[in-house]
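Reader: Got a minute to walk me through this one? I'd like to talk about contacts and packing.
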Amino acid sequence: MKTATTGALSNGRYWIAHNSGVLTAVVLFVAMFTLYISNHSAGLTPAVATTAANKAVLLALVAMAQTLPVLTRGLDLSVGMVFVMANCIASVIVVGTVGEGMLGIVAVLLIGALAGFINGAIVVWGRLQPIITTLATGAVYYGISLFVRPGPGGDVQSDIADLLTGQLFNTVPAALVVLLVVVLVVWIPYRRSVLGRAAYAVGSNEQAAYMSGVPVQKAKLLAYTLAGVLASVAGLMLTFNTYSGEASAPIAGTYTLNSIAAVVIGGTSLFGGWGSAIGSIFGAFVLRTIEDLLFVFDLPPLWQPLFQGVVLLLAVSLGAFRILRVRNRLELFS
Amino acid sequence: MFSLGVFSLAWMSALLDRKPYLELKQISKRYGGVAALTGVDFSVYPGEIQAVLGENGAGKSTLIKIASGVTDPTEGEVLIEGRPVRFRNPTEAMRAGVVCVFQELSLLPEMTVADNLSIVDPPKWLGMINAQGQRERARALLKRVGCEDVHPLELVRDLPLSRRQMVEIAKALGRNPRILILDEATSALTADDVERVYGIIRDLKKSGVGILYVSHRMREIEALADTATVFRNGRKIETFTKGERSVDAIIEMMIGREVTHQYPPKPEPSADRPVALAAANLAWGREIQDVSFNLKKGEIVGLGGLDGQGQRELLLALFGVLKGVTGTVAIDGKPIKLDGPRKAMHAPLPMALIPEDRKTEGLMLPMSVRDNMTLAALPRLAGRFGVDAEKENAAVQVMVDRLRVKTPDLLAPVSALSGGNQQKVVLAKWLMTAPGIILLNDPTRGIDVGTKQEIYRLMRELANQGAAILFYSTDYAELIGCCDRVLVVYDGKIRRELAGEALNERNLLQSALNIDASERAA
Amino acid sequence: MTGVDTGAVRGPTLAMRLGIDRSVAIAFGCILLILAGGAMYSREFLSPDYLLQQLQVGAFLGIIASGAMMVILLGHIDLSIPWVVTLGAMMATAMVGWGGSWGPWICIPFGVFCGAVIGILNGLGVAYLRLPSMIFTLGMNAVVQGLMVLHTGGFAPLDQATPAMHFIAVQRSLFGIPNAVFVWAIVGIFVIYVLKRTAFGRTVYAVGNRESAAYLSGVNTNRVLIGCFAFSGAMAAFAGVLLAGYSNKAYQNMGDAYLLPAIAAVVLGGTNILGGRGNYLGTIAGVILITLLQSILSVMQMPEAGRQVIYGCVIIGMLLIYGRGAKARS
């Protein structure tokens, strides 16, 4: 009995140590959100929470998508484009009756999976660098978005849209429930699967992973494919929020950039092998709350892009702390 | 020889039905133009402990890589229980029962011990990894190797090297090997752990597992092995049963016959040479502890001892690569600050470092012979309008001729050259800077005998011209043949200095191993 | 040639001297293929006037690609190009107002200087903070964007190009060849000279191949990193100045269309995205290839959507033909 308790205690101690990055992001978010709410004229009403959630969940989902390739020491510069492509396609095919809309959703998710799989296939079998691969496929996905939706517009099945962007029981923002479902249905099983762990192994040390018999190629393929799926979930949610689709390169670029920043703030290492999509969710929440804070503190709108840029640059610079630990200068070059 | 105990009975009964579990037939392996293994026949039987002996570059690691599916042989075939197999990757070798404890650790640093131990076939629950089952499995495996102090949820990167090596062994045991390959698996272990590993190996042997044991330590081999195979220059020299050959005979087999006359003559020692480099109380973490010594002009000083005792770090520290080194270094009598290679190159006596791994630290493999050779001395070759091509080519040609670098073309990529010629390019790069102090980090590793001799001659020639040379080598014979004196390093400290008559293989080996023994007693 | 055992040491072949390898040859081959295809569509494609016009358009991309190539040779990447292009244009045009009577004289150097400053900041982050260049320059792009939004919104600056900008970007003064092509040629000769003839150029390749080995050879690797990023920033800004001259004004997002083509031109020209290998001849080929491809697609009235798709596919396709990474298994 006693040993069981101490065992659980020490397990908990390790759990905290392993998740310190995520916990830091959570604490940061809670502090900032409290500050935001206490300065908001209306306080924390379901309406305020829903508005905040609807915006934040989009970036959270894209950031989750970005996390998966990053864990394998890769990168997906096309997440923003897949996100926009899903938005454009959804604005065309997620229409009609609820049943037809559901079919459309499945189709959008499959297209997202295919886009991610193509990225992964080029990286794994074509042996091209993830950066240049996803930069190029991003152009293709953007072209497809333009093809599907040359100008802003379109529609979406409104029953589903209202359900997923409104409130559950008039209190809980439905978007948060969607996010929770994605975590429970996609992230948790992935994290605990052999291939999910293989992704961490590949990011940690690809050569050692290969020598240990880890399925390196399958792990990378799955990571990119799931990234496509998650980005398309985000694209669907964007459609439900705006009731339309728009092939916008600036939106895609902003989401790609912010997703990387969210991943870093959430404690995931850009050198792979370390971190979690949960951290990225809170990293995304932190970024979004910064924007909201600028709003409630009446920062002149003109200053906002600069302020956000500086915060982003500082956030990604957090990784520089590792150089303080380096004792052998040759390690700087790895 | 053998006491007729339970162990040897089991071993002898295994011998009776002599069917090897793993067999290699006429295996050859070439990397580029260089032969790493040539026509090797080799087999491992269930329940035997077979030692694999040989110098660095004798072909041991290539043999292991082929047996464990890391690389393919260029020619020949691999058989498991008489059936030919072709491992496409290490997983297939593991499934066939061939499990290797790699010298360069195959653990994943950012993952927990439990994750690492069950990285391939974890216990599952509903298709997901069962974290608790995995922890329990880890605990059991850790207990088996006597590492109860390691928590299954600890990250591998937070473990000290000796524990990591034990985890690596535990991981191999978890795969239920039929053939277990241990490649220098005890090099970083404490004395207690070494004993425990011996125990595990004997238990495995009793249960019919065949063990391939690669080690440089003759004592270990005497204690453990039933048979031994000696390799030299990529060829199998002989397999023999324990007791058939004396230690001296084995060493002779490893070194080969051409030992005696391959070193250039040493000059008479003279006391009045000026000091080129004086180091006092150098320290850096655990790796370098209070090291003081002098290096005189015209002298070749060796760094000896077992591999990984801080010799490499000492060379890097002198070249200014390590951060936070304490102590003082004076060059030609003037104190200097250890702050990067550029500083070292412009010291009162210019320094040069021939690094440990020429492929990652010495050369840009895709770049040309010329570009590699002139990299360090380029500012000297630059005229008013940039690099003078004629002058550069002439300087490179001089070095190519002097070191007899075999290259098809000055603009051929270095990757096309053999290992020995690549090393000559590294040497040439530094000779172009006219160094007064030369630090050599195991420069003859993996190089053919002919080039080795040329490097020895070159070293002596440079010393005779007044250069001071600090020479780390893992090859004892080389230290004895080349050096005026040798500093034996153990655990970051200089334990003994050998010179003149006292500088012989026995003393060198003894001072490394004696220290080992006294540590064990402590 | 002293002895037999030295082996026969030949002089370098002509192809080696010029740096023509497989990928450069393929890129030039593709250019001929596109021209031949275009000629079948319309004879106009082979007229000198059309070709000169393509060179003029390509010059802007060529200047940006020159900077991008120096960074890619290091094994890094500069994703701050889009807004640094805009920065160069905006700072140059604004300087006309700020500089008073000096304005028209110093506006072009000032625009380039601002780009170089951003490039130096990028270099400092990559060299001393050891941050991945991709991330750091992406962040820097956002910062410059913020600065430019503030600049255009808050200070209502001048955004009209000066006659000098217009002159070097648009006009033709010698044999009917556009001045922009001469500007690109000067930049190109400078890059070739630095890469082939100077110690700095050699160290760029060395750092790109293996920074640790370069460091151990006494190369000041941080200086190399900062120098190349500064050059990349300066060239992006310079192209921005020319673009302002070309379209007569500076405006937001004017650099967005140049990031992917610049990187693509460099990579299609045979420069290894991981650094250490590549030559300027290939980049010239890549720039012309991309420019012709864009031109053909627009002449054939291909909508933007189709252009993007073809673009991405061509890049992936050509990269798959050459320049693949090494397999994990040896």
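Author: Sure. One term up front: two residues are in contact if their C-beta atoms, placed from the backbone, lie within 7 Å. Also, this is a predicted model.

Reader: Okay, so what does M237(A) touch, leaving out residues up to four places away in sequence?
Author: Its partners are V57(A), L58(A), L61(A), L164(A), A175(A) and V178(A).

Reader: And which residues have the most contacts inside the largest nonpolar core?
Author: M237(A) is one of them, along with L61(A) and I64(C). That core has 378 residues.

Reader: Which helix gives the most to this core?
Author: Helix α11 of chain C, residues 221–247, with 18 residues. Chain B is in there too: domain 1 (22–104 + 156–256) and domain 2 (275–521) each put in at least three residues.

Reader: While we're on those two domains of chain B, how far apart are their C-alpha centres?
Author: The centres of domain 1 and domain 2 of chain B lie 31 Å apart.

Reader: Back to α11(C). How does α9(C) cross it?
Author: The axis of α9(C), residues 199–209, comes within 10 Å of the α11(C) axis, and the two cross at roughly 100 degrees. Angles of 65 to 115 degrees count as roughly perpendicular, so α9(C) is roughly perpendicular to α11(C).

Reader: Which residues meet there?
Author: From α9(C) you have F200(C), T203(C), V204(C) and V207(C), and they meet T221(C), V224(C), G227(C) and C228(C) of α11(C). By class that contact has five nonpolar residues, three polar and no charged ones.

Reader: Switching to the chain contacts. How many residues does the contact of chain C with chain A take from each?
Author: 45 from chain C and 43 from chain A.

Reader: Which elements of chain C give two or more residues to that side?
Author: Four helices of chain C: α6 (133–155), α10 (211–216), α12 (259–268) and α14 (304–321). α6(C) gives the most, with 15 residues. The side of chain C that touches chain A has 29 nonpolar, 10 polar and six charged residues.

Reader: And what about chain B against chain A, how many residues from each?
Author: There it's 26 residues from chain B and 25 residues from chain A. On the chain B side, α3 (90–95) and β8 (128–129) each supply at least two residues, and α3(B) gives the most, with three.

Reader: How does that side of chain B divide by class?
Author: Into 17 nonpolar, five polar and four charged residues.

How values were computed
Residues are numbered from 1 along each chain as its sequence is written. Chains are lettered from A and ligands numbered from 1 in the order in which they are written. This is a predicted model: local features need pLDDT of at least 70, side-chain atom pairs count only at pLDDT 80 or more; totals for chains, interfaces and linings use all residues. Ala, Val, Leu, Ile, Met, Phe, Trp, Tyr, Cys and Pro count as nonpolar, Asp, Glu, Lys and Arg as charged, and the others, Gly among them, as polar. A nonpolar core is a set of buried Ala, Val, Leu, Ile, Met, Phe, Trp, Tyr and Cys residues joined through C-beta atoms within 7 Å. A residue is buried if 20 or more other C-beta atoms lie within 10 Å of its own, exposed if 12 or fewer, and partly exposed in between; C-beta atoms are placed from the backbone. Domain bounds come from an automatic or database domain assignment. Axes are lines fitted to C-alpha atoms, for helices over the stretch in contact, and angles run from 0 to 180 degrees between N-to-C directions. Angles under 35 degrees count as roughly parallel, over 145 as roughly antiparallel, 65 to 115 as roughly perpendicular and the rest as oblique.
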